[in-house]
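Biologist: I'm new to reading protein structures, and I'd like to learn how to describe one step by step. Could you walk me through it?

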Amino acid sequence: MSSIKEIEDIFSSYIIGKDTVKPNRPRFHIDVSNLKEAITLLKQRFGEEALYISNIIGVDKITEGIIEVNYFIHIIPLANTIVIKVVVPRDKPQVPSLIDMIPGAYSGECETYDLLGVDFVGNKYLKRSFFVPTDVVSRDIFPLRKDAKV
Amino acid sequence: MERATSLIKIPVTLEIPIGPQHPAIHEPILIKVYADGEEVVGVEIGTGYNHRGVEKLLENNTFYKDKFIVSRICGICNTVHENCFVRAVEYLAEIKPSPRAEYLRVLVMELERIHSHMLINAIMAEIIGFDTLFMYIMRDRELIMKAKEIVSGGRVLADFHMFGGVRRDIDEVKRDKLIEILKKVEPRLKYYRKLFENDPTISKRLTEIGVLKTRDVVSHGMVGPILRGSGVRSDTRAEDRYDAYDEIKFNVIVRSEGDSLARMLVRWDEALESLEMCKYILEHLPSGPAIVDERKLPRTFPAGESFTRVEAPRGELTYYIQHTGGSKPYRVKVRTPSFNNIINSGFSYLRHSIADVPVILVSYDPCISCMERAIVVNLRDGVEKKVTLKEIAMGKVKL
């Protein structure tokens with residue numbers, strides 16, 4: 001029987017911190033350079049028909065000078081969503097794209113790029129105006145950044 | 001007379017923009033279909049026509065205003081939006097609604113599921129040419145809209161939830177009226193379900209059209225009836241057991257075919273399940289208070305993060321709140337099921353006929369563009385060779 005403990009074991013060499021998003025979503029903090037390896041291990045363990053990317057959520061932490069990128073991955077056999085959190089510098093937010101491993105990352109990566117300016121390296125479909133109106137794009141504003149006035 | 005020795009065939013590739021405003025599309029999105037003859041060879045999904053900046057708006061308003069803003073994200077499924085947001089705040093504040101309030105929340109959400117599923121099936125009937133069926137389903141859907149109004153006070157927008165409970169309760173008179181409506185709707189739902197399954201024309205139009213394999217559906221993050229129509233048993237109500245879903249029995253409807261008909265039948269079966277759930281709720285509604293005294297609720301909420309999921313009619317809807325304290329959230333992320341289902345669906349149209357793209361393409365006057373490509377056929381030996389128009393124009397192709 002799969003369990004959250006098992007996921008902890010899978011990620012054991014990558015985890016640099018962990019906490020819980022309420023009510024019961026275990027979150028594992030890993031270094032951005034290990035993201036693809038961690039997802040590969042998860043896919044190997046559960047298989048392609050057992051997990052999908054539910055959300056890619058970026059949060060601008062302006063006072064800390066970072067952007068958090070949280071990957072909410074739903075694991076169907078566990079009937080729960082786990083979270084992988086990576087942190088990137090605000091002035092150069094680059095994260096490897098997962099689109100080649102999980103095509104469902106497309107929507108989340110394109111949205112996060114357009115709204116927060118996180119560059120998903122390897123995703124050739126990234127473009128401005130995915131959601132953001134052209135007048136905002138023309139002013140080079142990422143609207144969900146905390147210093148953006150829209 | 002000199003005989004021709006070669007023939008140049010220039011295949012016409014159609015670029016058909018469907019939307020952002022189109023009778024068959026009920027929301028502004030652009031589906032740009034590239035067709036080679038009748039076959040769809042490429043699809044681009046264009047978004048951004050309805051971006052209202054709701055997430056930024058939520059960051060700039062208090063939780064109490066936000067509760068009413070999130071209801072307005074979607075007209076059809078507004079109660080699931082407010083349920084998901086309200087529960088995310090309740091997890092932060094560690095507030096627990098009363099059992100009666102939880103039952104009433106499920107009641108209004110399941111009524112919403114019934115009318116939403118009826119709506120999309122009615123639209124499907126309309127698209128495949130059954131306008132009368134569309135009108136019949138919409139007529140019967142009005143009964144459910146009336147039921148929703150009896151419970152929540154609003155035919156469309158409910159504004160029914162509040163942190164720690166609900167905003168309205170029902171009495172015996174309303175309960176009896178609701179049961180009466182449900183009894184009236186039940187045979188109609190069964191009839192429509194039977195019609196979709198057995199009518200040879202509907203069946204022919206939907207069977208084996210848009211077949212999605214389990215692996216593709218999961219890897220593209222598609223959710224809800226699409227996921228369950230392709231054989232995956234995943235339903236947020238069964239997985240998270242939020243509100244009263246841990247006490248109300250229901251079956252998770254799964255079909256293995258993966259085609260358009262399977263997805264529509266999943267919706268009819270789910271509507272019937274929802275009907276049974278509503279009847280169960282009305283017969284087993286716990287006693288006690290349901291309406292929360294809004295004057296006694298906290299004005300600020302403790303810092304923290306929460307992530308809630310709800311099974312909206314279209315699939316898994318999620319809310320993420322990051323809160324640093326005070327009366328306004330630091331970050332709110334709303335991920336609707338259509339975000340995944342529509343934006344990631346480009347692959348699913350490929351290799352189908354244009355007529356199978358589930359919208360009324362024939363009503364379009366398509367824009368035709370020739371691609372820079374030609375086929376040169378040597379008439380002597382029948383050998384075909386693909387070259388570019390540019391090469392022909394520059395005299396690089398020996399005809």
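Biologist: How many of the residues of strand 7 of chain B are buried?

Modeller: This is a predicted model, so keep that in mind throughout. To judge burial, we count the C-beta atoms around a residue: 20 or more others within 10 Å make it buried. In strand 7 of chain B, 8 of the 9 residues pass that test, so the strand is largely enclosed by the rest of the structure.

Biologist: Which strand does strand 7 of chain B pair with, and over how many bridges?

Modeller: Strand 7 of chain B is joined to strand 8 of chain B by 9 bridges, and the two run antiparallel. They form a hairpin, with 2 residues between them. You can find the pairing by eye at A312(B), which stands opposite G315(B) in strand 8.

Biologist: And what is the strand order of the sheet they belong to?

Modeller: The order is 7-8-9 in chain B, an open sheet of 3 strands with antiparallel pairing. Strand 7 (304-312) and strand 9 (331-335) of chain B are at the edges with a single partner strand each, so one side of each has no neighbour in the sheet. From one strand to the next, the twist averages 10 degrees. Strand 8 (residues 315-323) of chain B is linked to strand 9 of chain B by 5 bridges, again antiparallel. There, I321(B) stands opposite V332(B).

Biologist: Where should I picture the side chains of a strand?

Modeller: In a regular strand, side chains alternate between the two faces of the sheet. As for what packs here, helix 3 (residues 78-93) of chain B lies across strand 7 and strand 8 of chain B, at about 150 degrees to strand 7.

Biologist: What is the strand order of the sheet in chain A?

Modeller: In chain A, 5 strands make an open sheet in the order 1-2-5-4-3, with mixed pairing. Its edge strands are strand 1 (15-21) and strand 3 (51-61) of chain A, each pairing on one side only. The twist here averages 25 degrees from one strand to the next. Helix 3 (residues 105-116) of chain A packs on this sheet and touches strand 3 and strand 4 of chain A; its direction makes about 10 degrees with that of strand 3. Strand 4 (residues 66-75) and strand 5 (residues 80-89) of chain A pair in the antiparallel sense over 10 bridges, with I66(A) opposite P89(A).

Biologist: How many residues of each chain are in contact with the other chain?

Modeller: The size of an interface is often given as the accessible area lost when the parts come together. Here we can count residues instead: 33 of chain B are in contact with 29 of chain A. Several elements of chain B supply at least two residues each to that side, including helix 1 (54-59), helix 8 (214-219) and helix 12 (337-343). The largest share, 5 residues, comes from strand 7 of chain B. By class, the side of chain B that touches chain A has 8 nonpolar, 15 polar and 10 charged residues.

Biologist: Which residues does I57(A) contact?

Modeller: I57(A) lies in strand 3 of chain A. Leaving aside neighbours within four places in sequence, its contacts are N70(A), F72(A), Y320(B) and K333(B). I57(A) is buried, with 24 other C-beta atoms within 10 Å. Distance in sequence and in space are separate things: I57(A) and F72(A) are 15 residues apart in sequence and 7.8 Å apart in space, C-alpha to C-alpha.

Biologist: How many residues are in the largest nonpolar core?

Modeller: The largest nonpolar core has 122 residues, and V89(B), V106(B) and L107(B) have the most contacts inside it. Helix 4 (residues 99-127) of chain B gives the most to this core, with 14 residues. V89(B) touches F63(B), F163(B), F301(B) and I321(B), not counting residues up to four places away in sequence. Apart from that core lies another, of 11 residues, among them I18(B) and V357(B).

Biologist: What span should helix 4 of chain B have?

Modeller: An α-helix has 3.6 residues a turn, so residues three or four places apart point the same way. At 1.5 Å a residue, the 29 residues of helix 4 of chain B should span 42 Å, and its end C-alpha atoms are 42 Å apart, which agrees. The helix is mostly covered, with 24 of its 29 residues buried.

Technical notes
Residues are numbered from 1 along each chain as its sequence is written. Chains are lettered from A and ligands numbered from 1 in the order in which they are written. This is a predicted model: local features need pLDDT of at least 70, side-chain atom pairs count only at pLDDT 80 or more; totals for chains, interfaces and linings use all residues. Two strands pair if DSSP finds at least two bridges between them. Helices (H or I, at least four residues) and strands (E, at least two) are DSSP runs, numbered from the N terminus. Axes are lines fitted to C-alpha atoms, for helices over the stretch in contact, and angles run from 0 to 180 degrees between N-to-C directions. Two residues are in contact if their C-beta atoms, placed from the backbone, lie within 7 Å. Ala, Val, Leu, Ile, Met, Phe, Trp, Tyr, Cys and Pro count as nonpolar, Asp, Glu, Lys and Arg as charged, and the others, Gly among them, as polar. A nonpolar core is a set of buried Ala, Val, Leu, Ile, Met, Phe, Trp, Tyr and Cys residues joined through C-beta atoms within 7 Å. A residue is buried if 20 or more other C-beta atoms lie within 10 Å of its own, exposed if 12 or fewer, and partly exposed in between; C-beta atoms are placed from the backbone. The expected span of a helix is 1.5 Å times one less than its number of residues.
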